[in-house]
Amino acid sequence: MNDQAVDRAGKHDCATLSDAMDRLGIEGVCRGIKPRDHAFRLCGRAFTVRYVPIDVLAPGNVGDFVDDLPAGTVVVLDNRGREDCTVWGDIMTQLASHKGLAGTVIDGACRDVDLCLKLGYPIYSRSYSMKTGKDRVQVDATGVTVEIGGALVRPGDILVGDADGVVVIPSERADEVLALADEIATAENAIREAISQGMSLRDARAKFRYHSLQTRRS
């Protein structure tokens, strides 16, 4: 199924999208979440999972939700920034890559990084380690609002990742964010072309209104 908003978002880098959301007063940057490989790119709609510490009286599991996800989905895992145990490893990476998922974003740690690098499957996380989350954390809920690096992510929001990190575009504001991103990208490309033709940076920025591109709309 064609998703025009995702296609449009995927044409922009995270810096441009962040600038557009700054202008709209939207906090869309997932702070501290970085790619396991700077060559990774990610774009798709979110499937969200929230983890909590294990309940010793009624223990759950770390999740088999990947089985049910369609191609193009971004798996978004909120483990509250924990770096002492992981919630994603090689078996999930293998299955997610096989199913054509767009990538995984984790506020917490992943492990088995070598396989995501080998398969080219995009994983963005706060860190990586090797200690399992089994008997330490469990799935609390799926399809709920989660927090990733200070940004709220709801099911169906659009996530974009590149070498700089990850941004989340609220689904109901995607059209206005992407319209502004188009405007910013057009102006910045014009500035690059102008300075390549010999114009000074000062004059190019003034001509194409660079300093107003990220200014908050009133």
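1. Let's start with Thr93 in this predicted model. Leaving aside neighbours within four places in sequence, its contacts are Trp88, Leu115, Cys116, Leu119, Tyr121 and Ile123. Thr93 sits in helix H3. Is Thr93 buried or exposed? Its relative accessible area is 0%, and since buried means under 20%, Thr93 counts as buried.

2. Helix H3 is also worth a look for another reason. Spanning residues 90–99, H3 gives the most to the lining of the largest pocket, with four residues. That pocket has a volume of about 400 Å³.

3. Staying with the pocket, which residues lie nearest its centre? They are Val62, Gly63, Gly89, Ile91 and Met92, out of a lining of 19 residues. By character, the lining is mixed: seven residues are nonpolar, six are polar and six are charged.

4. Now please turn to helix H2, residues 14–24, which is mostly covered. Nine of its eleven residues are buried, namely Cys14, Thr16, Leu17, Ser18, Asp19, Ala20, Met21, Arg23 and Leu24. You will see that the charged residues Asp19 and Arg23 are part of this buried set.

5. What covers the buried residues of H2? The cover includes two helices, H1 (4–9) and H5 (174–196), along with the strands E9 (158–162) and E10 (165–169).

6. One last backbone detail, at the end of this helix: Gly25, just after H2, takes a positive phi of about 75 degrees.

Terms used: Residues are numbered from 1 along each chain as its sequence is written. This is a predicted model: local features need pLDDT of at least 70, side-chain atom pairs count only at pLDDT 80 or more; totals for chains, interfaces and linings use all residues. Side-chain values use heavy atoms; hydrogens and water are left out. On a 1 Å grid over the protein atoms alone, a cavity is a set of points where a 1.4 Å probe fits but cannot get out, and a pocket is an open set with protein on both sides within 12 Å along at least five of seven lines; lining residues have an atom within 4 Å of a point. Grid points are joined across faces, edges and corners, and a volume is the space filled by probe spheres set on the points. Buried means under 20% relative accessible area, exposed over 50%, partly exposed in between (1.4 Å probe, protein chains only). Contact means heavy atoms within 4.5 Å.
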